[in-house]
Amino acid sequence: MVKIGFIGAGNMARAIINGWLATGKVAAADILIHSAHRQSYGPYAEEKGLVPVESNKEVVEQAEIVFLAVKPLVLGSVLAEIKQDVQTKKSVLVSMVSGVSLAEIQEVLGNGKVELLRIMPNVNVEINEGITALAGNPTLTDEHYHFCEDLLNTLGKTTPLAEKDFSTFVALGGSSPAFVYFFIDSLARAGVKYGLTKKQATEIAAQAVMGSAKKILVASKTPWELVDAVSSPGGTTVAGLLAMEEAGFMTSIVKAVDATIAKDQKK
Ligand SMILES: NC(=O)C1=CN([C@@H]2O[C@H](COP(=O)(O)OP(=O)(O)OC[C@H]3O[C@@H](n4cnc5c(N)ncnc54)[C@H](O)[C@@H]3O)[C@@H](O)[C@H]2O)C=CC1
Ligand SMILES: O=C(O)[C@@H]1CCC=N1
């Protein structure tokens, strides 16, 4: 089997790995992992049956596909560390690092042609309900692109995306789970204000959000038409919607997207 390596063992690496292990798409023994500190990847590797290795270089030496799951600030030093081995081994590098383009990665790696895939997943890949954007560099073969796409499709949905749109995708797909969790928590907190327990209120709010998202994905109506369908004339929903708008609901969402994009483009 193809060996898959992870450099970085944080939230995103674990979400992807846990998603694969849940479906059996990738065997634990085919996943190699290393990160900055033994205590941050050793116990996790042992718990899941992954193969812990001693250095980033070793990940590249032993894996055909290498996922870069580190923060933008450390990417440069990681690339410098593995540069030689990537050229020799001809590994495919898959970067999920936000705000770093394929051209910037290639520049650090030097002139040799390296197969690169840039992805932007979200944490919901852990429960196989993620959305992941993909952009390959010209060197990436169709075979390797489709292999990675197939791996990522088991984690939810994937979409090919022009690199110029990655910052927008970060806001709408990568960071947005946090925005939605925040919305659910706010709704639940309001339920607590009126006497529900937090657990009860969170379950009600989360189920309502999940059902609403599913409805939008299967309905032939636009979200606005669905809003109208819930809003009975003179009823409770329209009163709530107008209060949300008075508090600037849509503006607050657009501002969140603006700020996310601005931050991504500053990395
Ligand atoms: N958390 C999320 O929801 C998403 C994160 N991303 C991207 O994924 C990347 C990782 O994010 P998280 O997992 O959230 O961060 P994290 O902070 O949870 O994990 C970072 C990992 O990198 C390791 N690390 C640090 N220096 C290292 C080095 N020199 N060599 C090897 N490993 C090293 C750390 O030990 C840690 O395991 C970031 O670039 C982020 O932009 C992309 C999509 C969603
Ligand atoms: O907060 C971040 O920088 C990363 C990118 C997308 C989600 N988390």
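**Strand β2 and its neighbours in a two-domain chain**

The domain assignment of this predicted model divides the protein chain into domain 1 (4-164) and domain 2 (176-266). The centres of domain 1 and domain 2, taken over C-alpha atoms, are 33 Å apart.

Colleague: What makes β1 and β2 a strand pair?
Modeller: Pairing requires at least two DSSP bridges. Strand β1 (residues 4-7) and β2 share 4 bridges, in the parallel sense, so they count as paired. Within β2, His 34 is the residue opposite Ile 7.

Colleague: How do you know that β2 also pairs with β3?
Modeller: The cut-off is again at least two bridges. β2 and strand β3 (residues 51-52) run parallel and are joined by 2 bridges, so the criterion is met. Ile 33 has Pro 52 of β3 as its bridge partner.

Colleague: Which residues of β2 point one way, and which the other?
Modeller: From β2 (residues 31-34), Ile 31 and Ile 33 point one way, whereas Leu 32 and His 34 point the other way. In a regular strand, side chains alternate between the two faces of the sheet.

Colleague: Why are these four β2 residues called buried?
Modeller: The term requires 20 or more other C-beta atoms within 10 Å of a residue's own. Ile 31, Leu 32, Ile 33 and His 34 are all classed as buried, so each meets that count.

Colleague: Which β-α-β units contain β2?
Modeller: β2 closes a right-handed unit with β1 and helix α1 (residues 11-23). Another right-handed unit consists of β2, helix α2 (residues 38-48) and β3.

Conventions
Residues numbered from 1 in each chain as written. Chains lettered and ligands numbered in written order. Predicted model: local features only at pLDDT ≥ 70, side-chain atom pairs only at ≥ 80, totals over all residues. Buried ≥ 20, exposed ≤ 12 C-beta atoms within 10 Å, placed from the backbone. Right-handed = clockwise from strand over helix to strand, strands pointing away. Domains from an automatic or database assignment.
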